[in-house]
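User: Please take a close look at one lysine in the structure shown below. I should like its setting described first, followed by a connected account of the features elsewhere in the chain.

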Amino acid sequence: MNTSDIKILLVDDEPDILEIVGYNLKSEGYQVFTANNGVEAVKTAKKVTPHLILLDIMMPEMDGIEACEKIRKIKSLEEVLISFLTARGEDYSQVAGFDAGADDYITKPIKPKVLVSKVKSLLRRLKTEEKADTTTKIGDIVINRDEYVVFKGEEKISLPRKEFELFSLLTSKPGKVFKREVILDSVWGNEVVVGGRTIDVHIRKLREKIGDHYFKTVKGVGYKFVLDESEK
């Protein structure tokens, strides 16, 4: 995919941010669309189907968290990358962002060149995902990496991007303990800084959707995916 084909939706209620960040992204060749509140963000996202959304949290009419949740429920936007770009750097704010379905969380202020680098890092996932079109079966669980869907028996389970990538990693080697630093590097990338509770939040979500007994915590080390003997 050429840079000129990539569409980025920038959402912020500060005109200066829209202008400065928008200019730097356009200079890289990206198509840039803007919105100044959550309501407009949802409408614009439906209209243009962006590849990436950079989303502020504190905005009028509808904040970024609610906008992210609404976008994630729209079928045509299930695959869009969403990163918060906000001055809210607290852990609880980051947890809320990832709970809402975000792929990344970038705190302001940030130098334009650094932001562009992070955007490129996020968009590299699109190229990786274009190749990840295989289907894997583990017990009664089928993982479709092309559609980002998991089937458990006859039940279809749709997972947000990061939950799917974490689940895909753990199920790549059932029984293997994946260290926390390996998970962070594999799922979020070593260029992305996330809060310490990020993995725990995503594991909790997977347990709720797929089943608590599949995920084992190894204290002080990390997590592993396990199957009962009857499921193998």
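In which helix does Lys70 lie?

Analyst: The model is predicted, and the description that follows applies to it as such. Lys70 belongs to helix H3, which covers residues 64-72. Its relative accessibility is 38%, and Lys70 therefore counts as partly exposed, because the class of exposed residues begins over 50% and that of buried residues lies under 20%. On the surface, Lys70 takes part in a patch of positive charge together with Lys43, Lys46 and Lys73.

A surface patch of negative charge is also found in the model, made up of Asp13, Glu14, Asp16 and Glu19. Of these residues, Glu19 is placed in helix H1, residues 15-27. With a relative accessible area of 58%, Glu19 is exposed.

The loop that precedes H3 contains a backbone feature worth noting. Glu61 sits in the loop between E3 and H3, and its phi is positive, at about 70 degrees, although the residue is not a glycine. Its relative accessibility of 67% places Glu61 among exposed residues. A comparable entry is Thr49, in the loop between helix H2 (38-48) and strand E3 (52-55). Here phi is near 50 degrees, again a positive value in a residue other than glycine. Thr49 counts as partly exposed, at 36% relative accessibility. As background, most residues other than glycine have a negative phi, and most peptide bonds are trans.

The peptide bond from Lys108 to Pro109 is cis, with omega near 0 degrees. Pro109 is located in the loop between E5 and H5. Lys108 also has a charged partner: its side chain meets that of Asp12 in a salt bridge, at 2.9 Å from N to O. This contact joins distant parts of the chain, 96 residues apart, with Asp12 in the loop between strand E1 (7-11) and H1, and Lys108 in the loop between strand E5 (104-107) and helix H5 (112-131). Both Asp12 and Lys108 are buried.

In total, the structure holds 13 salt bridges. One of them pairs the side chains of Glu78 and Lys75, at 3.7 Å from N to O. Glu78 is partly exposed, with 28% relative accessibility, whereas Lys75 is exposed, with a relative accessible area of 56%. Elsewhere, a salt bridge of 2.8 Å (N to O) is formed by the side chains of Lys209 and Glu163. Lys209 lies in helix H8 (residues 198-210) and Glu163 in helix H6, so this pair ties together parts that are 46 residues apart in sequence. The two partners fall into separate burial classes: Lys209 is partly exposed, at 30% relative accessible area, while Glu163 is buried, at 5% relative accessibility. In addition, Arg72, Glu79, Asp103 and Arg161 are linked in a network of salt bridges.

Two residues of these charged contacts, Arg161 and Glu163, are listed among the buried residues of H6. Eleven of the eleven residues of H6 are buried, so this helix is largely enclosed by the rest of the structure. Its buried members also include Phe164, Leu166, Phe167, Leu169 and Leu170.

Phe167 leads from H6 to the aromatic contacts. The count of aromatic pairs comes to seven. In one of them, Phe167 and Phe215 form a tilted pair, with 6.1 Å from centre to centre and 55 degrees between the planes. The partners come from distant parts of the chain, 48 residues apart: Phe167 from helix H6 (residues 161-171) and Phe215 from strand E11 (residues 215-218). Phe167 is buried, at 0% relative accessibility, and Phe215 is buried as well, at 2%. Phe215 has a further partner in Phe225, and this pair is edge-to-face, at 5.8 Å centre to centre with 70 degrees between the planes. Since Phe215 lies in strand E11 and Phe225 in strand E12 (residues 222-225), the contact ties together parts that are ten residues apart in sequence. Phe225, like Phe215, is buried. Together with Tyr214, the residues Phe167, Phe215 and Phe225 form one aromatic cluster.

Technical notes
Residues numbered from 1 in each chain as written. Predicted model: local features only at pLDDT ≥ 70, side-chain atom pairs only at ≥ 80, totals over all residues. Heavy atoms only, no water. Patch = residues over 30% accessible without salt bridge, like charges linked within 9 Å, V, L, I, M, F, W, Y side chains within 5 Å. Areas by Shrake-Rupley, 256 points an atom, 1.4 Å probe, with all protein chains shown as cover. Salt bridge = Lys/Arg side-chain N within 4 Å of Asp/Glu carboxyl O. Lys, Arg positive; Asp, Glu negative; His and termini not counted. Charge placed at Lys NZ, Arg CZ, Asp CG, Glu CD. Helix = DSSP H or I, 4+ residues; strand = E, 2+ residues; numbered from the N terminus. Buried < 20%, exposed > 50% of the residue type's maximum accessible area, 1.4 Å probe, protein only. Phe/Tyr/Trp six-rings, centres within 6.5 Å; stacked < 30°, edge-to-face > 60°.
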